[in-house]
Each structure stands twice: as C-alpha cells, then as structure tokens.
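Reader: I am new to this structure. Please take one part and look at it closely, then set it in its surroundings.

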Amino acid sequence: MLFTTPEFFIFLVVVILLIELIRKQLWQQIILLLASYYFYWCSGSIHILLLIFVTIASYLCGWRVWKASTLKRKRIWLVIGTIIPLAVLAYFKYIDFGITQINNVLGLFNPGASIPLLEVLLPVGVSFFTFQALSYVFDIYLGKIEHEEKFHRYALFIAFFPALVAGPIVRASEFLPQLKSKISITGANLQAGVTLIIWGLFKKMVIADNIGGYVDTIFANTAGFTSMQVIAATILFGVQIYCDFSGYANIAIGVGRIFGFKLPENFDMPYFTRNIQIFWRKWHMTLSRFIRDYVYIPLGGNRKGHLRTYVNLFASMVICGFWHGAAWTFVIWGAYHGIMLLLHRYFVGERKWGVGVKFLDSNPAVFVKVLITQALVFFGWMIFRANSTGDLITCIQKIIFFDFTMSGAMKLAFVGGIALVLICFVLSFNKRIVELVKKIIFFDYMGYFSSQKVQYWVIYIVVFVALILLLAPPETPEFIYFAF
Amino acid sequence: MSRTNDILDKTKRKEPEAKKWKVVVGIVVGLLLVILLFSSTYTISEPIVDEWLSTHPINSLFDFYEYHKDIDEMSVYFVGSSLVATEVYAPAISDKLYNNGYNISIYNLFVPSDTLIMRSIQIDEMVASSPDLIIFGISYSSFVQEHWNEEYMRLAYGEYNLTPELKSLYTGEELSLMYPGLLYKVEYLKTAFHEKMNGMNPRGLEKVIEPYGVSRRQGFEETKDMESMISSANNPGNTWRPIITAEETRNVKALRYMINTCKQENIPVIIINMPIHPLLSEKITDESRGNYFAILDTLGVKIIDMEKEYGDEHFWDLIHTTWDGALDFSDKMADLIIQEMS
C-alpha cells in the first residue's frame, strides 16, 4: 500500500475515524497496532510474521537486559538481542549477495562450481524496523530508557505504520513516552499533519516521479549516452532522491502528527551545507544518529587516538553504505563518504586548515564551499545510483574523458547553469541579498501554511492538490527507500 | 537541551486555535474545489484534447478514410498488423505498377498489433472510401489473437459504427470500455507526454505522413537474435504458432463480416497468408494448417499462401522480413495487383 494511492487515504481516514470514535487509550493503541499490521500485510503479506517475530524477540531481550542482575547477563542478552534482528536483516537482505561473492571466489578455482542463489524476497521496511528493535535493546542496556511494561505499546512502536517501511528511524525514548497519554486528534495537529502530507506528496509525485523516468533511462545504459547526459542524470538523481525520500518523511511525519505523535525529522536542507560533516547532520538524520550512537561511539568514537578515530569513521560510513543495499556500489558510496569525512576531520578538525581565516567565513567563500560540498555529494550520488561497478566505471570515464557532445537544449542548460552560478557568486558579495535569500530558503513554509486560518489554508490545499493531480505522472513508482 | 529534543522540536509548529471541525470542513471544501476546478478545466479543454488526439494513428486512419472518399483514383489497400507494416513497401509497388502502365495508389493501412476483431470496426468507413481492391495480410495467429488495445477502440469512438452483428462479437465489458470519458483522454495524454519527456516513443502523437504508412518502413532497425528466435519458436505458448480448431472464433467471424461487407460494395478482396520464418512454420501442426485453410476456403475470396515463401536469410525475427524480403514481397504484390487489375 503506497502512500500515494487512494487506498492509503481511505485506510487513513478509516483509522482516524476509529481513533476519534474510540476514546479509551488502550483500545486506541490496539486499533493503531492492528491498522499498522494490516498496512504491513498489504505491503509485505507473509512477511508480517517476520515483523511480529522481531518485535517479540527484541521485546523479550530488552526485558531480559532490564531484569538482568549482573553485567555479564546484561551483556549476554544484549548480544542475543543484537544478533536476532541483525540475523534477520542479514538473511533477507544480504544472503544472496554473500552467495554471489562466494560463487565469484569459487569460480576462480573451479569454473562451473556455484552455490544456487536462494532468491529471498526482501521484506518491505526490514532495514528500518530491525534498527528500531536494535535501538530499543541498546538504549535499555545503556540505561537511557526503562523496559516498556506494556507489550502492545512496544509492538506499536515497532510497527507504527507511517514510519514502518521507510523511516524515520524512531527511538523508543522518543515514541514510547508519547503513548502514555490518550490519542487526541486536535485541529492544530490535523492542519499541520495534512499540510506536511500534501507537501510530501508534491515533492514525491510532481518532482521526484517526473525526474525518475529520465534518470532511469540514462542509468539503464550509461554507455549509450553523452558525458553531459550522464552528469545531468546524476544531478537530477540527487534531486530525485531528496524529493522522494524527504517527501516520504514529510508524509510519515504528517500522518504521525495527525494522531498527535511527534516523529523526528529526517532532513534539514542538506543541499545547502558547506561541508561534508554538516551534510551528514542534515541528511537522513535518524540513520546518521543511529550509526553515530550505536556504531561509531561504541567503536571508540574519537576517544582512542587519531588513527582509531579515522578507522571508526570510515567503518561507520561503510556500514552506512552497506545498510542501503546488497551491492558493491553502496559499499563504495559509503566508503567514499567515509574518506571525505576522514579528510575533513584531518584537514579541518586537526590541522585547522582555514579555521579562523575571516575570508573563508565570508558569504562568497561559504557559497563556494557549498558548491564544492554539493559537487562531492552529487558525485557520490552517481556511485549510489550506478547499476553495477561496471556501469560506475563507465560513468567515471564519461566525466574524466568528457566528450563535449551536447544537444541544443543541453548546451542551453549548461550555459544557463554556469551563468546562474556566476550570478549567485557575484550576488553573494552583497550582504543584504544574502540575508534575503537565506530568509527565503530557510523560511519555515510548513509552519507558515499550517498556522494560517482555515479559510486561507484551503487555498494551499487547492493549489497543491491541483498541481499534484495535474503534474504527477500516470503511474507512481515506489518510493526509492522502499528498496532498502 | 538533549539532541533528541532538538530533533523532535523541529516538528513543533506554531499552534493556532484551529478547531477540528473547521479543519475537516476546510479539507472537504478544498478537495471539492479541486474537483470543481478540474471538472470545469476538463470541460473547457475537451476540444483541445480532441485536437491533440486526432493526430493519433488510429484517428489519422479514419481521417484517411474520410479524405479518400473524395479522391477519384484507383487504389489498393493493404490491411494488417506489423507483418503488413514491414513486408509492404508501398512506393516500390506503386513504381512497378506505374512502369507497367498502371496508375494505382497503394496504401499501407497497417495498425501495430492489429487483430481482426479490432479491425472490423473500421470496415464500413474503409469500404465507403472506395478502394478498388483490399488485401488482408493475416497469419495463423490472426484467428486466435485476443489482444485487445482499448486505446484504439476508445480514441476512435464516434468514428466507427457498431452494427448489431459487430456488437455481438464483443463482450459487455469490452463494449462498456469503448467509450472514452474526457478523464480517460486526459490521462492518455499525460501518459504520452510523460513518455516523450523520458525519451520514449510517445504513443500516437505523431501525424502520419502520406502516403499512409511509408514513413514507418524507412529507417527501421533490424537486429537479429537467432538464439532468442529458436527459443521463441520452441515455446508452445508462442501465440504465433497457435492451435487452430475447426471452431469459428470471433476473429474468424470478424473476418467473415469484413469480407461480406466488401462483397456488398463490390470491392474485391484478397487474403495473403503472410510469410513466417521456417522455424515457426514447422511448428504449425498439419491439423491446424488444415483447419485454417478450410476456414479460409469458406470465405469465398482469393487466398494466396506465402507462408513458406522465404528462408531464414529474409527474416530478422520469426514474423518480420528484412528489407530485402520486404522489397521482394512488394514486388510480388505488384505482380498480383497487375494480375487482378488486368
């Protein structure tokens, strides 16, 4: 059941009505839980059993960690509580990848020898709900939260349908306290929630889906297109993945907001960041903090010397890349960002290059930094999007050995792009213009629209829903992050 | 403040005093306004949408029939699917006829993935446009293909006349789906525009160049995949090697209807059993072949069997000939027309 289908909205309206009619807290939570399971069953069918299994296993492990009287027992149950969700994730997501790699090695020694692939179907949202289950066990072990006495609340935390299939990755410490009070659908939350949902749908259906076709065409056969087309497709993919993923997050947060739940934001204007370290604080924020708190810090963080810090940073990003999918391109992408973070830490963090230099904090310099950072980020998107390592090599060759073949429209776009960058650079010397632009870019539009009087808010609905119906392509592809 | 609260607080908005019922009413009113906006826009845009859709090949085909009513010339129509598209090269036929003293216009009225049941809705308009000879290019699959392109039926709605006999060939659901609401037309256009934006060949928004169908043959890419052809020919589920029974399918009824309509208007008809690749031909059972020709014999028209006319070297897949094959086939068609017209 996709967020962009009429079936989902009918489902949502029914759930809202049921929650409104039923005033008892326990029954409200049961209904939400059953609705979440129904939602997952529509998306993943038999895999709902897996969701329930992970829920029960992690709940029990969390309880045992909480109850354990000695540190040793705590650690044993922590290990069990870590292994079970990770084993589930490893099997369903990575087993065929592992078999393929083994076959590649076997093939070197004995051509023709191979282990058959299991062709395991990837359960929708497995990367997300396993991580949520892990965070629960970890946080109990770290003493950040107490064990949740009521199982149905914990089950609802794992299965809560807005965030179930593609995040945000919610922490138990954020969500469980919100279940202590009755669900009350207020006018303010309804307005804010619907505003976010419509905005998310616009980003996904109007921007991301219309770009997607062109991107898919180019990346399906990069060898058959010009350098400029590959670059254009890469840039458009960067826009597509942002609009697709942040659009989904908006819808998820908006739906949660309708019920009065505050889910964490996942994006905070990542394409306006001036260095790679800040980028990762603004992109897929809930995954970044998971990796930071449960991988980077336990590995030692920055507390074990410079070299170990770099290793920890690199390993964390490789794991982050690998989390995205069972393919070498994702690992390379993670490693690429690991190297960039590492270099940033070394040169800026330790060698203090450019730190304290007044000019480098000026607006034009910041503009250049943003450009360079985003060029590096978008190059990373090319790695991320390439269908295979072979395709990736082709893409890189296209950039290094630029062919200068451009259609008329492409030439116009290229010249226009350069002109725009130059104009922006010149304008960046004017502080007033920069302040105005910052206000425009960083203005809280969602807050503005959702706080308008209803009679004016209706205009927002009409305009954006009309644009969605008019401009959305006939068939809406799945959200990109459903594949993770 | 902890980082968790930092993140959570990002979702905090200014809390207005909006009452729940007001917001619900606002949502309902907003959606109703959108429906109203679209309804009125759709209604205003219908003539523009129809103008765009008139460039669809199926609409162009009916335009051609209408146009040809007023043309006083000798003409021959070739009717069929992509088999006719690739095998019939109208200019070559015209040239040979002209060189033999015949001034006859040749029209390749192919429709991709055409079936007899879909083509039958055109027959009234086709005969009204007064051709001097109609040549149907069919194959074994023509009797059993249930391929249904509702686009062709819907977009041409209003241009064809469904007689009671024709109506009896369609199911209730098919008849109900023939009518294209404005919403359907707009969605169709959206699909076509989307395809064009993504570099795909958009369906049906190019005006067909006269003489009809010639432009399609030129620049046609031929890439042969022998392995795929062998595999496809050996596949019992391949629709091009069907089992033909003695039963009269609705496609056969449609063909009979079309031939009878032509006879009523004294328009001669020839049926060509089109060439197919030897790999496919050997898969047609004797019983199927026997039933096929037995049915054709009951139609009371000239049947030309060209199934085994060409070898592997003249095919680029199991059913479409190469350019050389097309030229040779066209040459033979010219000879056939000369024979008929003499």
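Author: What follows starts with one helix residue and its contacts, then moves outward to the two chains.

This is a predicted model. Start at A:Ala252. That residue sits in helix 10 of chain A, which covers residues 227-258. Is A:Ala252 buried or exposed? A:Ala252 is buried, with a relative accessible area of 0%. Which residues touch A:Ala252, once its neighbours within four places in sequence are left aside? The contacts are A:Phe3, A:Pro162, A:Gly167, A:Pro168 and A:Leu263. A:Gly200 gives a distance to go with them. A:Gly200 and A:Ala252 are 52 residues apart in sequence. Their C-alpha atoms are 8.7 Å apart in space.

Two of those contacts deserve a stop. A:Gly167 and A:Pro168 both touch A:Ala252. The peptide bond that runs from A:Gly167 to A:Pro168 is cis. Its omega is near 0°. A:Pro168 lies in a loop of chain A. Helix 7 (161-164) is on one side of that loop, and helix 8 (172-175) is on the other. So the picture at this spot joins a buried alanine, a helix of chain A and a loop with a cis peptide bond.

Next comes another buried position in chain A. A:Gln29 is part of helix 2, residues 25-44. Its relative accessibility is 1%, and A:Gln29 counts as buried. Where do its contacts fall, beyond the residues up to four places away in sequence? A:Gln29 touches A:His152, A:Arg153 and A:Leu156. A:Gln29 also touches A:Leu179 and A:Ser181.

Cysteines come next. A:Cys395 is buried, at a relative accessible area of 0%. A:Cys243 is buried too, at 6% relative accessibility. How many disulfides does a search of the whole structure find? The count is zero over all chains. Why does A:Cys243 form no such bond with its closest cysteine sulfur? That closest sulfur belongs to A:Cys424 and is 18 Å away, too far for a bond. A disulfide is a covalent bond between the sulfur atoms of two cysteines. The cut-off used here is 2.5 Å between the sulfur atoms.

Step back to the whole of chain A. Its secondary structure comes to 20 helices and zero strands. The radius of gyration is 24 Å, close to the 23 Å that the globule rule gives for 484 residues, so chain A is as compact as a globular protein of that length. The C-alpha atoms fill a box of roughly 70 × 65 × 50 Å along the principal axes. Buried residues make up 52% of the 484 residues. Take the contacts in chain A with a separation of 6 or more. Residues 24 or more positions apart account for 76% of them.

Now the surface and the charges. Chain A exposes about 22100 Å². Carbon and sulfur atoms supply 70% of that area. There are 40 positive and 23 negative side chains in chain A. The centres of the two sets lie 11 Å apart.

Chain B has strands as well as helices. The counts are 17 helices and five strands. Of its 342 residues, 51% count as buried. Residues 24 or more positions apart account for 84% of the chain B contacts with a separation of 6 or more. The accessible surface is about 16300 Å². Of this, 54% belongs to carbon and sulfur atoms.

Pick out a helix residue in chain B. B:Leu175 lies in helix 10, residues 172-176. B:Leu175 counts as partly exposed, at 29% relative accessibility. Leaving aside neighbours within four places in sequence, its contacts are B:Leu162, B:Lys167 and B:Tyr170. B:Met153 is 22 residues from B:Leu175 along the chain. The C-alpha atoms of the two are separated by 9.4 Å.

Finish in two loops of chain B. What sign does phi take at B:Ser130? Phi of B:Ser130 is positive, about 55°, although this residue is not a glycine. B:Ser130 sits in the loop between helix 7 (123-128) and strand 3 (133-138). At 42% relative accessibility, B:Ser130 is partly exposed. B:Asn266 is in the loop between helix 14 (250-264) and strand 4 (269-273). Its phi is near 55°, again a positive value in a residue other than glycine. B:Asn266 counts as exposed, at 69% relative accessibility.

Technical notes: Residues are numbered from 1 along each chain as its sequence is written. Chains are lettered from A and ligands numbered from 1 in the order in which they are written. This is a predicted model: local features need pLDDT of at least 70, side-chain atom pairs count only at pLDDT 80 or more; totals for chains, interfaces and linings use all residues. Side-chain values use heavy atoms; hydrogens and water are left out. Helices (H or I, at least four residues) and strands (E, at least two) are DSSP runs, numbered from the N terminus. The radius of gyration is taken over C-alpha atoms; the globule rule is 2.2 Å times the number of residues to the power 0.38. Buried means under 20% relative accessible area, exposed over 50%, partly exposed in between (1.4 Å probe, protein chains only). Contact means heavy atoms within 4.5 Å. Accessible areas come from the Shrake-Rupley method with a 1.4 Å probe; for residues, only the protein chains shown count as cover. Lys and Arg count as positive and Asp and Glu as negative; His and the chain ends are not counted. The place of a charge is taken as NZ of Lys, CZ of Arg, CG of Asp or CD of Glu.
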